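Me: I'm new to this structure and would like a close look at one part of it, the sheet. Could you walk me through how it is put together and what lies against it?

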Amino acid sequence: MPIVITASEAHPFLPSLGDPTAIAEEKALHQDIRPLEIAILNLMADKQTTELQLARWLGHTPLQVRLTFVTTDSYVASVKAGHKSKSTPSEHISKYYNAWSDVKDRKFDGLLVTGVNLLDADVTSEGIWDEIQEIFNWSKTNVLSSMYICWAGFAAMRYFHDIKCHNGKTKTLGVFEHGIEADSADLLFGLPDRFPIPVGRWQRLHRDKVEGYKALELVSCTDEGDIFLVAENKAFKKGCKTYPRRIFMFNHPEYDTDTMKKEYLRDIKSFPDLPIPPNYFPDDDIEKTPINTWRYTAAIYGNWIKSLYEATPYDINDIPEACE
């Protein structure tokens with residue numbers, strides 16, 4: 001929560017007005033608080049694990065957050081038709097998930113879209129692409145800020161900016177060091193200049209693909225230029241602090257300690273030549289228990305929630321019809 005500033009002059013050690021950690025007393029006195037409404041479009045096969053990982057970090061702030069879990073209409077229809085997932089019980093979907101068409105008339109402070117375990121380098125070739133395009137278009141008018149994770153980040157880059165990714169010869173799986181390039185919206189507030197992040201994906205996007213786009217800020221990448229985080233920042237209205245209109249996040253700070261181990265053991269059944277994930281198993285010994293070196297990086301989710309609280313209107317219906 002921001003510090004209330006009562007003086008117009010700069011304080012010797014407190015943050016000044018305009019700083020992301022400060023708020024004017026006049027504004028604070030008139031600031032009503034309501035639960036932030038976050039829709040999670042969960043495209044992962046193992047929905048329950050993803051729910052737990054995201055909910056743990058989205059809720060790790062003093063703010064109230066109400067989560068609405070959503071999936072595509074086609075997936076809900078397949079469950080109703082008798083489709084059985086190996087990872088998520090049908091009863092769980094029926095009880096806790098909304099079809100997108102059931103929530104499309106609502107507005108949300110935030111939308112979070114997860115990835116999927118798909119291998120096609122061209123996201124437009126995936127069977128869900130038409131539905132994803134419709135949801136992305138809806139987000140322009142019904143959501144203040146959107147976060148797209150892993151495959152969803154590549155899909156959103158393609159839809160909103162026509163930026164294409166490419167597939168590597170093998171899956172990138174491991175824990176890699178990243179650095180901070182720029183961070184106008186304070187998404188990485190509290191993180192050191194260098195930090196490890198789990199990566200688990202086939203798609204790749206190099207920094208030269210986004211450099212030069214005025215609408216996009218390259219927030220973080222590896223020394224080799226493999227991108228972790230890109231932000232599309234805006235001011236909600238004149239005079240307001242910059243907030244992230246869209247966040248394209250290609251890696252997984254929310255991963256539990258054993259998530260990558262499960263992913264690796266699953267993948268080598270289909271890809272026996274897949275290398276042991278670097279910087280993950282002690283001594284590269286898959287029999288040894290991995291050590292979690294990245295947990296603190298999931299603070300990005302709390303930083304996003306803070307930015308929503310600062311930018312969103314009290315009346316959620318005042319989220320503009322067009323934020324472009």
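Reply: Let's start with strands β8 (residues 166–180) and β9, which pair in the antiparallel sense over ten bridges. Keep in mind that this is a predicted model. If you want a spot to find that pairing by eye, look for G179, which stands opposite R194 in β9. Strand β9 covers residues 194–204, and nine of its eleven residues are buried, so β9 is largely enclosed by the rest of the structure.

Now step back to the whole sheet. It's an open sheet of ten strands with mixed pairing, and the order is β5-β4-β3-β6-β7-β12-β11-β10-β8-β9. The edge strands are β5 (98–99) and β9, each of which pairs on one side only. So β9 is an edge strand and yet largely enclosed, because nine of its eleven residues are buried.

Next, find β3 and β6 in that order. Strand β3 (residues 36–41) and strand β6 (residues 108–113) run parallel, joined by four bridges. Two places to check are A39, which stands opposite L111 in β6, and L41, whose bridge partner in β6 is V113. On to the next neighbour: β6 also pairs with β7 in the parallel sense, this time over five bridges. V113 turns up here again, standing opposite Y148 in β7. As for cover, six of the six residues of β6 are buried.

What packs on these strands? Helix α6 (residues 129–142) is one answer: it touches β3, β6, β7 (143–149) and β12 (242–249). The direction of α6 makes about 145° with that of β7. Helix α9 (residues 299–311) is another, lying across β3, β4 (65–71), β6, β7, β11 (227–235) and β12. Helix α9 runs at about 165° to β7.

One last thing to look for is a bit of empty space. The structure holds one cavity of 30 Å³ or more, and about 40 Å³ of space lies in the largest cavity. Its lining is made up of A39, L41, V70, W100, V103, L111, I135 and W138. The elements giving two or more residues to that lining are β3, α5 (100–103) and α6. You've met some of these residues already: A39 and L111, which line the cavity, are the pair that stand opposite each other between β3 and β6. By type, the lining residues divide into eight nonpolar, no polar and no charged.

Technical notes
Residues are numbered from 1 along each chain as its sequence is written. This is a predicted model: local features need pLDDT of at least 70, side-chain atom pairs count only at pLDDT 80 or more; totals for chains, interfaces and linings use all residues. Side-chain values use heavy atoms; hydrogens and water are left out. Buried means under 20% relative accessible area, exposed over 50%, partly exposed in between (1.4 Å probe, protein chains only). Two strands pair if DSSP finds at least two bridges between them. Contact means heavy atoms within 4.5 Å. Axes are lines fitted to C-alpha atoms, for helices over the stretch in contact, and angles run from 0 to 180 degrees between N-to-C directions. On a 1 Å grid over the protein atoms alone, a cavity is a set of points where a 1.4 Å probe fits but cannot get out, and a pocket is an open set with protein on both sides within 12 Å along at least five of seven lines; lining residues have an atom within 4 Å of a point. Grid points are joined across faces, edges and corners, and a volume is the space filled by probe spheres set on the points. Ala, Val, Leu, Ile, Met, Phe, Trp, Tyr, Cys and Pro count as nonpolar, Asp, Glu, Lys and Arg as charged, and the others, Gly among them, as polar.
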